[in-house]
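Below is a colleague's note on a two-chain model, set out as numbered points. Please read it with the structure open.

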Amino acid sequence: MNVRELEAEILREEWDHVDTAVDGTDALRLLAEHVYDAIVSDLAMPKLDGRGLYEEVGRRWPTANRRLVFVTGYAEAEEYDEFLRHSGVPVLAKPFTIADLIGAVKTAFSPA
Amino acid sequence: MVRLTPATEPPYRALVESGAGLICTHDLAGILLSVNPAAAERLGYAAEELVGRSLRDFLAPAVREQFPRYLERIAAAPADEGLMMVVTRGGEERVWTYSNVRCQDGGGPPYVLGHAHDITDIKRSDARAGAAEALRSVAQLALATAHEINNPLTVIIASLQLMAARGQVPPAAAGTVDKAIRAGEQIRDIVRNMSRITRLELSRQSPALPPLLDLRRSSDPQG
């Protein structure tokens with residue numbers, strides 16, 4: 001089981017409809033087909049990373065990127081420090097607990 | 001020591017007397033015959049204090065045993081160059097790069113004209129840059145390792161929590177699962193501290209260091 005599959009499993013304990021995407025490009029495909037209450041994304045991803053996803057989602061669906069939550073390992077966080085400060089997207093550090101993940105997603109439901 | 005024509009002597013003399021280059025002459029036994037002010041000053045002496053003494057006396061103790069081999073080389077070949085470690089009057093060891101040539105004027109005895117540059121600061125700067133680069137490599141390796149640990153650790157901790165939340169853990173195993181979760185959280189804390197320290201090292205921010213890793217405590221099963 002990888003982290004993405006685990007995240008989906010945890011979220012399905014709380015919510016009925018949870019889809020997974022393998023990278024940012026795949027996420028954009030799903031976002032074009034459905035409306036989601038929250039988007040949980042890794043920062044470092046192949047093809048389109050979290051920053052690219054944030055910008056593209058904001059360009060296509062102007063308020064949808066406010067429903068993003070980023071999950072990150074510590075290593076790449078520095079590279080994204082400036083972007084994270086600027087965007088204000090909540091960040092969940094790995095390893096997280098179930099409560100951490102569910103709490104972060106609930107925050108994304110009602111962005112400030 | 002050098003045959004100079006009257007027309008060129010003043011500029012050449014100024015080069016030796018006032019220039020920053022470190023210049024001396026010594027005989028084939030290594031006894032200093034003349035030392036320019038820049039070289040004497042760099043060693044912390046007056047030029048007059050150096051003349052008549054062996055160049056060997058101003059080498060760092062660790063390299064003095066190499067001096068006879070240098071004398072053999074310069075006696076056998078017209079020139080010699082390399083690095084020498086000198087020690088100043090104050091005891092500081094400094095690195096000079098030298099380029100010496102053997103000369104002989106008319107029928108006089110042969111002597112050596114030495115020209116050196118003090119490269120101590122450059123060497124120290126290089127050493128500092130090398131150390132900084134090594135530290136940076138280690139820090140980057142630590143961050144990459146932390147990242148690789150965090151992914152499987154996420155799966156371990158959250159999976160165990162998920163099992164417990166679903167009631168999939170038999171009562172007899174609940175304590176063991178709880179211990180496993182806490183051990184996972186200990187690893188998480190160690191990795192986070194390590195990452196924080198290495199990030200601080202990378203950004204060269206020394207103040208407000210987080211508490212150092214306490215490996216003894218974290219390896220203690222009761223910890």
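The points below take chain A, its contact with chain B, and then part of chain B.

1. Status of the model. The structure is a predicted model, and local features are discussed only where pLDDT is at least 70.

2. Make-up of chain A. Six helices and three strands are found in chain A. Along the sequence they follow the pattern α-α-β-α-β-α-α-β-α. Of its 112 residues, 30% count as buried. Among contacts in chain A with a separation of 6 or more, 51% come from residues 24 or more positions apart.

3. The sheet of chain A. The three strands form an open sheet in the order β1-β2-β3 (chain A), and the pairing is parallel. At the edges are β1 (39–42) and β3 (91–93) of chain A, each of which pairs on one side only. From one strand to the next the twist averages 25°. Between β1(A) and β2 (residues 68–72) of chain A there are four bridges, in the parallel sense. One point for checking the register is Val40(A), whose bridge partner in β2(A) is Val69(A).

4. Helix α1 of chain A. Which residues of α1(A) are buried? They are Val3(A), Leu6(A), Glu7(A) and Ile10(A). Glu7(A) deserves a look in the viewer, as a charged residue in this buried set. The four cover an arc of only 100° around the axis, so they sit on the same side of α1(A). The general rule is that an α-helix has 3.6 residues a turn, so residues three or four places apart point the same way. On the face turned away from the buried side, α1(A) carries the exposed residues Glu5(A) and Arg12(A).

5. What α1(A) packs against. The buried residues of α1(A) pack against β1 and α6 (98–109) of chain A, and also against α5 (120–165) of chain B. The partners of this buried side therefore come from both chains, because α5 belongs to chain B while β1 and α6 belong to chain A.

6. The side of chain A that touches chain B. In chain A, 14 residues are in contact with 19 residues of chain B. The elements that give two or more residues to this side are α1 (3–12) and α4 (74–77) of chain A. The most comes from α1(A), with four residues. By class, this side of chain A has nine nonpolar, two polar and three charged residues.

7. Strand β1 of chain B. Which face of β1 (residues 22–27) of chain B is covered, and which is uncovered? Leu22(B), Cys24(B) and His26(B) make up the covered face, while Ile23(B), Thr25(B) and Asp27(B) make up the uncovered one. In a regular strand the side chains alternate between the two faces of the sheet.

8. Partners of β1(B). With β5 (residues 111–118) of chain B, β1(B) pairs in the antiparallel sense over six bridges. Within that pairing, Gly114(B) in β5(B) is the bridge partner of Cys24(B). With β2 (residues 32–35) of chain B, β1(B) is again antiparallel, over three bridges. Here Thr25(B) stands opposite Ser34(B) in β2(B). The hairpin of β1(B) and β2(B) has four residues between the strands, and in it Gly30(B) takes a positive phi near 90°.

9. Ser18 of chain B. Is Ser18(B) buried or exposed? Ser18(B) lies in helix α1 (residues 9–18) of chain B. Ser18(B) counts as exposed because it has 10 C-beta neighbours inside 10 Å, and the cut-off for exposed is 12 or fewer. Ser18(B) is 18 residues from Asn36(B) in sequence, and their C-alpha atoms are 8.2 Å apart.

Conventions:
Residues are numbered from 1 along each chain as its sequence is written. Chains are lettered from A and ligands numbered from 1 in the order in which they are written. This is a predicted model: local features need pLDDT of at least 70, side-chain atom pairs count only at pLDDT 80 or more; totals for chains, interfaces and linings use all residues. Two strands pair if DSSP finds at least two bridges between them. Axes are lines fitted to C-alpha atoms, for helices over the stretch in contact, and angles run from 0 to 180 degrees between N-to-C directions. A residue is buried if 20 or more other C-beta atoms lie within 10 Å of its own, exposed if 12 or fewer, and partly exposed in between; C-beta atoms are placed from the backbone. Two residues are in contact if their C-beta atoms, placed from the backbone, lie within 7 Å. The arc is that of the directions from the helix axis to the C-beta atoms.
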